[in-house]
Amino acid sequence: MVGEDGSVELSCPVIANKKYADFLERIFIDRPDDDWDVRMDPETGPVEDFDVPVFFKDRAA
């Protein structure tokens, strides 16, 4: 979900009576006022060579 202010979140909403009623989980990914450079630790920061294996459910081991 992307907010009007540019904030980004990954959420799992609960919909009741065709409206958002609550959230099971909300993960805030980025907000415009966040300063990512200050929070990033060079030792544990993002990995440039990162590959996530993706498998079809029926072919998983």
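The following paragraphs go through a predicted model of one protein chain, from its overall make-up to single residues.

The protein chain has 61 residues. Its secondary structure consists of one helix and two strands. Read from the N terminus, these elements come in the order β-β-α. Strand β1 covers residues 8-16, strand β2 covers residues 19-30, and helix α1 covers residues 36-39.

Before the details, a word on confidence. The average pLDDT of the protein chain is 76, and 70% of the residues reach a score of at least 70. Among the elements, strand β1 has the highest confidence, with a mean of 86, while helix α1 has the lowest, with a mean of 57. Where pLDDT is low, the predicted coordinates should not be read in detail. The rest of this text deals mainly with the two strands and the loop between them.

How much of the chain is buried? Of the residues in the protein chain, 3% count as buried. The accessible surface amounts to about 6300 Å², and carbon and sulfur atoms hold 54% of this surface. As for contacts between residues with a separation of 6 or more, 10% involve residues 24 or more positions apart.

The two strands are the next topic. β1 and β2 pair in the antiparallel sense, and the pairing runs over nine bridges. Two of the facing positions can be named. E9 has F28 as its bridge partner in β2, and P13 stands opposite F23 in β2. In a regular strand the side chains alternate between the two faces of the sheet.

The hairpin of β1 and β2 has two residues between the strands. N17 lies in this loop, and K18 has its place there too. What is the sign of phi in N17? Phi of N17 is positive, at about 55°, although N17 is not a glycine. K18 is likewise a residue other than glycine with a positive phi, in its case near 65°. Are these loop residues buried or exposed? N17 has a relative accessible area of 75%, which is over the 50% cut-off, so N17 counts as exposed. K18 is exposed because its relative accessibility is 83%, again over 50%.

Which side chains meet in a salt bridge? The structure holds one salt bridge, and its partners are the side chains of E9 and R26, with a distance of 2.8 Å from N to O. The pair links distant parts of the chain, since E9 belongs to strand β1 and R26 to strand β2, 17 residues apart. Side chains of opposite charge can pair when their charged atoms come close. The two partners can also be described by their exposure. E9 has a relative accessibility of 9%, which is under 20%, and therefore counts as buried. R26 has a relative accessible area of 41%, a value between the two cut-offs of 20% and 50%, so R26 is partly exposed. E9 thus appears twice in this account: E9 meets R26 in the salt bridge, and E9 has F28 as its bridge partner in β2.

Another residue of strand β1 is V8. With a relative accessible area of 29%, V8 is partly exposed, because this value lies between 20% and 50%. What does V8 touch? Leaving out residues up to four places away in sequence, V8 touches M1, V2, I27, F28, I29 and D30. One of these, F28, is 20 residues from V8 in sequence, and the two are 6.3 Å apart in space, C-alpha to C-alpha.

I15 is also found in strand β1. Its relative accessible area is 57%, over the 50% cut-off, so I15 counts as exposed. Not counting residues up to four places away in sequence, I15 touches Y20 and A21. I15 and Y20 also belong to a nonpolar patch on the surface, together with M1. The accessible area of M1, I15 and Y20 together is about 370 Å². M1 has been named already, as one of the residues that V8 touches.

To sum up, the picture rests on an antiparallel pairing of β1 and β2 over nine bridges, with a two-residue hairpin loop between the strands. The salt bridge of E9 and R26 links strand β1 to strand β2. Helix α1 is the element with the lowest confidence.

Definitions and conventions
Residues numbered from 1 in each chain as written. Predicted model: local features only at pLDDT ≥ 70, side-chain atom pairs only at ≥ 80, totals over all residues. Heavy atoms only, no water. pLDDT = per-residue confidence, 0-100. Helix = DSSP H or I, 4+ residues; strand = E, 2+ residues; numbered from the N terminus. Buried < 20%, exposed > 50% of the residue type's maximum accessible area, 1.4 Å probe, protein only. Contact = heavy atoms within 4.5 Å. Areas by Shrake-Rupley, 256 points an atom, 1.4 Å probe, with all protein chains shown as cover. Patch = residues over 30% accessible without salt bridge, like charges linked within 9 Å, V, L, I, M, F, W, Y side chains within 5 Å. Salt bridge = Lys/Arg side-chain N within 4 Å of Asp/Glu carboxyl O. Pairing = 2+ DSSP bridges.
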